[in-house]
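These are my notebook entries on one protein model. I set out to look up its enclosed and open spaces, its nonpolar cores and one histidine.

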Amino acid sequence: MKYNPVIVVVAFNRPRSLERVLYSLSRAKNIENAKLIISIDNKAPENYPVKEIAEKFNWSFGEKQVVYQPNRLGLKKHILTCGSLSMQYGSVIILEDDLFVSPYFYEYAQKALEYYENDDQIGGISLYNHTYEDINDITFQPLEDESDVYFMQFPSSLGQAWTKKHWENFSTWFENHPDISNIPIHRDIINWPETSWKKYFTAFLADTNRYFSFPRRSLTSNFNDQGTHKLDASNFVGQAPLRLEGEPYRFKPLRDSFCVYDSYFELLPEKLKILVPELSNYDFAVDLYGEKDMLKVTAPYVITSKPTKNKLQTFQRALKPHEMNLIFNLKGDDISFARKEDIVDFGCAYKKELNDFFYFYTYRIPGKKAFIYNYLKKKKLISKILK
């Protein structure tokens, strides 16, 4: 099926952000007859400059419509309202106003929607390549294969495409799941504020065994401008190199990929077994970030960066991404394979955070000692270390 998704820009009271994302849209390539909707959440009088920018913008690739929401929706309801437009138009691309798009974002979205059209395990198409794990902003890098995609049981909020079928599956589930506390996703996601649509979509994916398809080269980048969930603008997290050429796109079916991750950004055990056949006879959970709640883990064994007793096997944590240390059987004391009951589950104790920091952020920078000190001070760990 040929998809021509409607582009929906979700805007509020960030004039500079809106101008920037519209500028990037104007540079799109290989796009024609695409409708653009600029949806502005209502909060007079701050939004009047935003409305003026939206109305003056010249969209040369099709019809443009400016929707001025009559009542203040807030981010969650605004995204859900815009996502539901897929029911009317068949498919949508959702872009928050602090994004910047590759010239080939639309072509990629079309091809990805077409390729995964009949795969019921796909819950959406991301235009953003995650370079960080979303809970603690720790570096994330998927394993390499011959394709341009990987899969996660985690939704994209930095540029995403949905079909009518995707949205029907989610909305039906959402109506019947007001309580997500027992779904095996990160405790911090469950505790995200009620203004977050993303925590419910994460729960939906985990509860129904669905995944987002992510590109290895990003079609969007994020400026992290000040907004509902961001008090200060920052480019530290969110910026991703943009894809600068179009086709061909090397898609791959989810069932054939070993680059499939859960909502904790952890490789699925059945995929790790393909790469490490020595583990194939064990029923285990993967917890290399050390963030999983052991009360929600049902497997009798765990591969983890948490401290453990009675280790069955141990591995170094040197190669990146961290799964590579198991794949190449690098022995060390940083990663443990142990029974679940032997895990010392102490959450975010400072030793674990220090180990994470020195593994994920060991690069040469000016003033490195000051950088580390400020990091520890921010995390309120420096006093513990000095005692």
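**Entry 1: the cavity**

I began with the lining of the largest cavity and sorted its residues into 3 nonpolar, 1 polar and 3 charged. I note here that the model is a predicted one. Looking up the residues by name, I found that the largest cavity is lined by Glu 133, Ile 135, His 186, Tyr 264, Glu 266, Tyr 289 and Glu 291. For its volume I recorded about 30 Å³. I then asked how many cavities of 30 Å³ or more the structure holds. The count is 1.

**Entry 2: the second largest pocket**

I turned next to the second largest pocket, which has a volume of about 510 Å³. I listed 21 lining residues for this pocket. Nearest its centre lie Pro 184, Asp 262, Pro 269, Lys 292 and Lys 296. By class, I recorded 11 nonpolar, 4 polar and 6 charged residues in the lining of the second largest pocket.

Which elements each supply at least two residues of this lining? I noted α9 (269-275) and β14 (284-287). Of the elements, β14 gives the most to the lining of the second largest pocket, namely 3 residues.

**Entry 3: the nonpolar cores**

I looked up the largest nonpolar core and found 57 residues in it. The members that touch the most other members are Phe 201, Leu 272, Ile 303 and Leu 326. Helix α8, residues 198-208, gives the most to this core, with 6 residues. Apart from it I recorded another core, of 49 residues, which includes Tyr 108, Tyr 116, Leu 219 and Leu 254.

I followed Ile 303 further and listed its contacts, leaving out residues up to four places away in sequence. Ile 303 touches Leu 272 and Leu 326, among others. Its contacts also include Phe 284, Ala 285, Val 286 and Asp 287. Further entries in the list are Leu 279, Leu 288, Ile 335, Ser 336 and Phe 337.

**Entry 4: His 78**

I closed with His 78, which I located in helix α3, residues 74-83. Is His 78 buried or exposed? Its relative accessible area is 3%, and the cut-off for buried is under 20%; I therefore entered His 78 as buried.

With residues up to four places away in sequence not counted, I listed the contacts of His 78 as Val 10, Ala 11, Ser 39, Ile 40, Asp 41, Gln 69 and Leu 73.

Notes. Residues are numbered from 1 along each chain as its sequence is written. This is a predicted model: local features need pLDDT of at least 70, side-chain atom pairs count only at pLDDT 80 or more; totals for chains, interfaces and linings use all residues. Side-chain values use heavy atoms; hydrogens and water are left out. On a 1 Å grid over the protein atoms alone, a cavity is a set of points where a 1.4 Å probe fits but cannot get out, and a pocket is an open set with protein on both sides within 12 Å along at least five of seven lines; lining residues have an atom within 4 Å of a point. Grid points are joined across faces, edges and corners, and a volume is the space filled by probe spheres set on the points. Helices (H or I, at least four residues) and strands (E, at least two) are DSSP runs, numbered from the N terminus. Ala, Val, Leu, Ile, Met, Phe, Trp, Tyr, Cys and Pro count as nonpolar, Asp, Glu, Lys and Arg as charged, and the others, Gly among them, as polar. Buried means under 20% relative accessible area, exposed over 50%, partly exposed in between (1.4 Å probe, protein chains only). Contact means heavy atoms within 4.5 Å. A nonpolar core is a set of buried Ala, Val, Leu, Ile, Met, Phe, Trp, Tyr and Cys residues joined through side-chain atoms within 4.5 Å.
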